[in-house]
Amino acid sequence: MASDEVKVNSDAQEPALRPEGVPERSESADKRREVLGARARALAESRHEVHHEVLSVLAFQVGGERYAVRIEHVDHVLEARGICSLPGAPPHVLGALASRSRVVPVLDLRQLLGLEGGGMSDLGKIVVVEVGEECFGLAAETVEGRKELPRTELSQPPPGPFLYLTPDRLTVLELEQLGGPAAGRQARE
């Protein structure tokens, strides 16, 4: 009982001990939440701006040219081994391979884009991409790796299935326009 009396007495004296202009605890907690919320919004906005200033891509070479695909479409990269031919497939489909428990058709960008190029021995890597529900591979000679492209340096590409062109002639592919293996099937139907 004595401790309850002390607590009541200290609560009653608290306003007298608080200097003028200092808010009660609930006011200061609300103010602190407001300040922290404003800081969190400012931090989130700054991250959002940085995200829009660069375009993350995976760059590779094929047919003597440099291309890239947006990183959000890249599933994985693997060695170009074990590709099985697909009889009756269009010329731009090199074949298919098994990767991560699924069959992945592999496209030849040289055929799709009208590029010069040798045979299969020139193609050492497969960039496996996902567009919507479709998954397919793009055969490449070499993979340069991930690049962060400043959006201010991106220009309009030539006509075709392209998104952007950089000053050092890296062309970012528009996979939706490029079409996957189904594009060839739809064209024949």
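## Strands, hairpins and a pocket in a predicted model

Residues 24 or more positions apart make up 56% of the contacts in the protein chain with a separation of 6 or more. The model is predicted. Its protein chain holds 5 helices and 10 strands. Of the 189 residues, 34% count as buried.

### The open sheet

Five strands make an open sheet in the order β8-β1-β2-β10-β9. The pairing within this sheet is mixed. Strands β8 (142–150) and β9 (162–165) stand at the edges. Each has a single partner strand, so one side of each is left without a neighbour in the sheet. From one strand to the next, the twist averages 35°.

At the β8 edge, the partner is β1 (residues 54–62). The two strands pair in the antiparallel sense over 8 bridges. Within this pairing, Gln61 stands opposite Thr142 in β8.

### Antiparallel pairs

Several strand pairs run antiparallel. The table lists their bridge counts and one residue pair from each.

| Strand pair | Bridges | Residues paired |
|---|---|---|
| β1 and β8 | 8 bridges | Gln61 and Thr142 |
| β3 and β6 | 5 bridges | Glu79 and Lys125 |
| β6 and β7 | 7 bridges | Val128 and Gly137 |
| β4 and β5 | 6 bridges | Ala98 and Val103 |

Strand β6 (residues 125–131) appears twice in these pairings. It is joined to β3 (residues 74–79) by 5 bridges and to β7 (residues 134–140) by 7 bridges. On the β3 side, Glu79 has Lys125 of β6 as its bridge partner. On the β7 side, Val128 has Gly137 as its bridge partner. Strand β6 is mostly covered, with 5 of its 7 residues buried.

### Two hairpins

Strands β6 and β7 form a hairpin. There are 2 residues between them. In the turn, Gly132 has a positive phi of about 65°.

Strands β4 (93–99) and β5 (102–107) also form a hairpin, again with 2 residues between them. Here Arg100 in the turn has a positive phi of about 55°. The loop between β4 and β5 also holds Ser101. Ser101 has a positive phi of about 60° although it is not a glycine. Is Ser101 buried or exposed? Ser101 is exposed, with a relative accessible area of 82%. Strand β4, by contrast, is mostly covered: 5 of its 7 residues are buried. Across the hairpin, Ala98 stands opposite Val103 in β5.

### A buried alanine in β7

Ala140 lies in strand β7. Its relative accessibility is 0%, so Ala140 counts as buried. Which residues does Ala140 touch, not counting those up to four places away in sequence? They are Phe60, Gln61, Val62, Asp122, Leu123, Gly124 and Lys125. Leu123 is 17 residues from Ala140 along the chain, yet their C-alpha atoms are separated by 5.2 Å. Two residues touched by Ala140 also figure in the strand pairings above. Gln61 stands opposite Thr142 in β8, and Lys125 is the bridge partner of Glu79.

### The largest pocket

The largest pocket has a volume of about 160 Å³. Its lining is made up of Glu65, Arg66, Tyr67, Leu113, Leu115, Pro158, Phe162, Leu165, Arg169 and Thr171. By class, the lining residues divide into 6 nonpolar, 1 polar and 3 charged.

Which elements give two or more residues to this lining? They are β2 (65–70) and β9. The largest share, 3 residues, comes from β2. Both β2 and β9 belong to the open sheet, and β9 stands at one of its edges.

One lining residue, Arg169, is found in the loop between β9 and β10 (170–173). Arg169 has a positive phi of about 65° although it is not a glycine. With a relative accessible area of 55%, Arg169 is exposed. The cut-off for that class is over 50%.

Definitions and conventions:
Residues are numbered from 1 along each chain as its sequence is written. This is a predicted model: local features need pLDDT of at least 70, side-chain atom pairs count only at pLDDT 80 or more; totals for chains, interfaces and linings use all residues. Side-chain values use heavy atoms; hydrogens and water are left out. Two strands pair if DSSP finds at least two bridges between them. Helices (H or I, at least four residues) and strands (E, at least two) are DSSP runs, numbered from the N terminus. Axes are lines fitted to C-alpha atoms, for helices over the stretch in contact, and angles run from 0 to 180 degrees between N-to-C directions. Buried means under 20% relative accessible area, exposed over 50%, partly exposed in between (1.4 Å probe, protein chains only). On a 1 Å grid over the protein atoms alone, a cavity is a set of points where a 1.4 Å probe fits but cannot get out, and a pocket is an open set with protein on both sides within 12 Å along at least five of seven lines; lining residues have an atom within 4 Å of a point. Grid points are joined across faces, edges and corners, and a volume is the space filled by probe spheres set on the points. Ala, Val, Leu, Ile, Met, Phe, Trp, Tyr, Cys and Pro count as nonpolar, Asp, Glu, Lys and Arg as charged, and the others, Gly among them, as polar. Contact means heavy atoms within 4.5 Å.
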